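Reader: I have a structure to look at and some questions about it. Can we go through them one by one?

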Amino acid sequence: MSIHIGAAAGEIAETVLMPGDPYRAKWVAETFLSDATCINEVRGMLGFTGTWQGHRVTVHGSGMGMPSLSIYANELIRDYGAKTLIRIGSCGAMQESVKIRDVIIAMTASTLSTPSQGFFKELNFAPCADWHLLSHAVAAAEQRGITPHVGGIYSSDVFYDERPDLNEQMTRHGILAVEMEAAELYTVAARHGARALAVLTVSDHLLTHEALPAADRERSFGDMVDIALHAAFD
Ligand code: HPA
């Protein structure tokens, strides 16, 4: 047991997929894994371990936002020995060229504020994805007929009342989309020698104000899981 995860020692795999929503973790385990068992339900943050194509995999919710993800990523790596962590989640597009349902593979994650800011102070640390995971995720997406956008994203601390001036600068500097977790995942993984990646689908558009219909979310989510699993094990 760690402070926020109830799993026993050895119950968490070296490869962990991290959706924000704990019920997405349950859906992934039921849909993609064999012999999955629930290994955590502390505070309703569900985690499951099972196998995919013979590989042991854990799917564990991160919660929303960097402070929540930071707790789980730290404990998964430091207390349970996780070595590969892949966020699967949604994002809001910040470029006209990015459309609803598109897949984004985040090479870097810019951020204004993360739980890691205390380490870096005036330094603008550049959180980046693991190259091996990123290149394999791109190949896995292309093999499924999906052309992903690969580039920088923005990890915000707020969903509502975002700073319009900051969003404008992100768009101006080619940032593909906004979400709320990847920068801290990349930073914590870097700090502890783990590999990290974020595979995202566009659920809403900050420029056109379109949104993915609820009925389409599951299919998009399935594509991400498939890409993430292949990235981890190909
Ligand atoms: N902002 C922040 N996080 C998000 C968004 C957004 O518009 N869409 C999906 N995750």
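Reader: Which cysteine sulfur is closest to the sulfur of Cys128, and why is there no bond?

Author: This is a predicted model. A disulfide needs two cysteine sulfur atoms within 2.5 Å. The sulfur of Cys128 is too far for a bond, because its closest cysteine sulfur is 19 Å away, in Cys91.

Reader: How many disulfides are there by this rule?

Author: Cys128 has no partner, since the closest cysteine sulfur is too far for a bond. By this rule, the count of disulfides comes to 0.

Reader: Is Cys128 buried, partly exposed or exposed?

Author: Buried means under 20% relative accessible area, and exposed means over 50%. Cys128 has 47% relative accessibility, so Cys128 counts as partly exposed.

Reader: Why is helix H6 largely enclosed by the rest of the structure, and how many of its residues are buried?

Author: Helix H6 covers residues 182–191. Its buried residues include Glu184, Leu185 and Tyr186. Helix H6 is largely enclosed because the buried residues number 8 of the 10.

Reader: Which helix gives the most to the largest nonpolar core?

Author: This core has 72 residues. Leu85 and Tyr186 are among those that touch the most other members. The helix that gives the most to this core, with 8 residues, is H7.

Reader: Which residues of H6 and the stretch after it does Leu85 touch?

Author: Leave out residues up to four places away in sequence. Leu185 is one of the buried residues of H6. Gly193, just after H6, takes a positive phi of about 70°. The contacts of Leu85 include Leu185, Ala194, Arg195, Ala196 and Leu197.

Key:
Residues are numbered from 1 along each chain as its sequence is written. This is a predicted model: local features need pLDDT of at least 70, side-chain atom pairs count only at pLDDT 80 or more; totals for chains, interfaces and linings use all residues. Side-chain values use heavy atoms; hydrogens and water are left out. A nonpolar core is a set of buried Ala, Val, Leu, Ile, Met, Phe, Trp, Tyr and Cys residues joined through side-chain atoms within 4.5 Å. Buried means under 20% relative accessible area, exposed over 50%, partly exposed in between (1.4 Å probe, protein chains only). Helices (H or I, at least four residues) and strands (E, at least two) are DSSP runs, numbered from the N terminus. Contact means heavy atoms within 4.5 Å.
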